[in-house]
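Dear colleague,

I am handing over the structure we spoke about, with the sequence alongside it. My notes on what was found in it follow below, and I would be glad if you read them with the model open.

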Amino acid sequence: MSTQSTNSFFLSSLSKKYFMAATGLFLIVFLIGHIAGNLQLFMSGYEGRLQFNEYAVFMTTFIPVKILSYITYFCIVFHVVDGVALTIQNRKARPQKYAYSRPDKNTNFSARNMMVLGSLILIFLGVHMYAFWAQYHWNDQMPIMLHTDGVSPLLKETSAAIKGGQVVGTDVVLNGEVLGPVMKDLYQIVMEAYQVWWVTLFYVISMVVLAFHLWHGFASGFQSLGLNHPRYMPVIVIAGRVFSIVVPALFAAIPIYIFLFVK
Amino acid sequence: MNLKLKIWRQKGPKAEGKMVEYPVNDVSPDMSFLEMLDVLNDHLVEKGDEPVAFEHDCREGICGSCSLYINGEPHGPGRGITTCQLHMRSFKEGETVYIEPWRAKAFPIIKDLVTDRSAFDRIVQSGGFISVNTGSPVDANAIPIRKESADEAFDAATCIGCGACVASCKNASAMLFVSAKVSHLSLLPQGQPQAKERVLAMVAQMDAEGFGNCTNTQACEVECPKGISIEHIARMNREYLGAAISYSPPKATVGGD
């Protein structure tokens with residue numbers, strides 16, 4: 001491509017759609033990974049707690065996962081920026097609205113409200129990231145993972161319980177010797193968060209919003225990338241509809257389960 | 001039957017428009033929508049009022065001129081029809097019928113219900129030419145074409161350029177129209193030599209005209225009087241991506257003396 005056509009390519013209406021689709025489809029893949037990990041929250045007892053906290057350590061330290069997480073952040077930001085740019089352009093394309101219009105006659109609710117649904121998801125993401133991600137990364141006052149004896153802290157890297165170890169800041173110290181960072185108890189703050197009825201309700205509503213966003217977004221992503229064929233499109237559409245119900249339902253089941261059954 | 005019409009009246013391109021109410025009585029259910037408007041205009045002329053300007057030509061669903069947004073949908077409540085093919089039996093006695101022009105930045109209003117759709121002509125012009133030899137007609141079947149491709153190309157070519165796709169789209173996007181025009185040549189061998197330039201140029205012209213972007217709501221496909229599928233939009237998306245990556249403008253390697 002020449003420089004001229006490179007510029008026009010990145011500015012064209014179709015390219016904005018490609019980026020919207022590619023980032024959206026990547027985020028769909030991310031959801032699969034995220035729900036797979038979160039299903040561990042259905043495990044209870046010391047084993048479950050340890051398993052989930054070790055998983056949290058793995059997710060925040062394993063380099064390939066870190067790279068994937070940065071790609072995810074990038075996709076979220078790009079998906080939002082591109083979506084806003086598209087919406088502004090689309091509004092400009094019809095400066096005078098119809099006096100009487102019946103979009104319900106030819107489109108579905110999700111397709112018409114992707115921007116609104118997406119904005120609600122962005123608000124949810126802000127709250128969600130603050131509630132767990134930010135706490136886990138930056139809050140030094142977080143609960144720490146203790147062994148079944150109730151006093152020995154666990155090391156972040158090896159999960160070894162240190163008998164008689166003291167926690168100083170975020171490190172485990174034994175007899176004046178710093179052994180390494182302590183394992184934070186993310187499991188605990190997740191369990192505590194969903195004891196509050198309105199937090200659970202907020203999460204469930206947000207997952208309904210996500211379901212509607214995916215209802216249109218899944219198959220739409222394929223269409224935008226040009227992947228529409230009479231033979232495969234029905235499969236993609238059905239897969240999208242199943243995905244858009246099952247995945248948000250599993251996400252929503254976690255706070256509901258914790259609210260009802262974990263005390 | 002008796003109806004209450006609410007019609008967009010606008011004196012000229014720069015004038016402010018508004019919805020104006022007109023009662024029409026003694027409408028036959030067998031009239032087409034345009035005939036009903038003819039009746040209204042006759043009454044208006046008799047009273048010395050300005051008749052409602054609307055566009056029409058063939059009145060048999062093949063020219064794409066009639067372009068009314070009726071009761072919140074392009075070409076009214078029917079499917080697979082233009083306004084001239086819409087009959088008054090589709091409406092109920094005493095119903096209020098809203099009639100508006102297509103609304104899009106790229107389709108400026110000329111007067112009342114008439115819009116300037118020459119943006120579509122400029123998109124077609126930007127598509128350029130196809131290479132065929134002049135002279136006597138080529139033998140039928142001299143170029144082998146798959147039946148499926150010929151059918152699909154023909155489906156795309158049924159587009160009459162009415163603009164219902166733009167009118168129905170919440171983004172006033174012209175992608176169904178442009179993709180139909182791209183498809184009907186790119187599916188055939190005759191359209192291959194210029195396929196890449198064509199899709200790049202037509203999309204660029206579409207953007208320059210100020211149409212919106214496609215968000216795959218599929219309203220266009222539902223409202224298209226010719227039932228053109230959004231599979232054509234997917235084809236355009238593929239072709240544009242391929243062309244944008246691989247097209248390089250032809251360069252002269254040897255000059256003349």
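In this predicted model, helix H4 (residues 63–92) of chain A has 30 residues, which at 1.5 Å a residue should span 44 Å, and because its end C-alpha atoms are in fact 44 Å apart, the expected and computed lengths agree. Within H4(A), the buried residues are His79(A), Asp82(A), Gly83(A), Leu86(A) and Asn90(A), and the partners against which the buried residues of H4(A) pack are helix H2 (13–38) and H6 of chain A.

Helix H6 (residues 114–138) of chain A deserves a separate look, since you will find in it a kink of about 40°, centred on Met129(A). Met114(A), Leu117(A) and Ile121(A) are the buried residues of H6(A), and these buried residues pack against helix H5 (109–112) and helix H8 (197–224) of chain A.

Chain A also contains an open sheet of three strands, arranged in the order E1-E2-E3 with antiparallel pairing. Its edge strands are strand E1 (166–168) and strand E3 (177–181) of chain A, each of which pairs on one side only, and from one strand to the next the twist averages 35°. Three bridges in the antiparallel sense connect E1(A) with strand E2 (residues 171–174) of chain A, and among the residues involved, Gln166(A) has Val173(A) in E2(A) as its bridge partner.

Turning to chain B, there are eight helices and seven strands, and the C-alpha trace of this chain spans about 75 × 40 × 40 Å along its principal axes. Of its 257 residues, 45% count as buried, and when contacts in chain B with a separation of 6 or more are considered, 70% of them are accounted for by residues 24 or more positions apart.

Two pairings of strand E1 (residues 3–9) of chain B may be useful when you trace the chain. With strand E2 (residues 18–24) of chain B, E1(B) runs antiparallel and is joined by seven bridges, and here Trp8(B) stands opposite Met19(B) in E2(B). With strand E5 (residues 96–101) of chain B, by contrast, E1(B) runs parallel and is joined by four bridges, and in this pairing Leu5(B) stands opposite Val97(B) in E5(B).

With kind regards

Technical notes: Residues are numbered from 1 along each chain as its sequence is written. Chains are lettered from A and ligands numbered from 1 in the order in which they are written. This is a predicted model: local features need pLDDT of at least 70, side-chain atom pairs count only at pLDDT 80 or more; totals for chains, interfaces and linings use all residues. The bend at a residue is the angle between axes fitted to the seven residues ending there and the seven starting there. A residue is buried if 20 or more other C-beta atoms lie within 10 Å of its own, exposed if 12 or fewer, and partly exposed in between; C-beta atoms are placed from the backbone. Two residues are in contact if their C-beta atoms, placed from the backbone, lie within 7 Å. The expected span of a helix is 1.5 Å times one less than its number of residues. Two strands pair if DSSP finds at least two bridges between them. Axes are lines fitted to C-alpha atoms, for helices over the stretch in contact, and angles run from 0 to 180 degrees between N-to-C directions.
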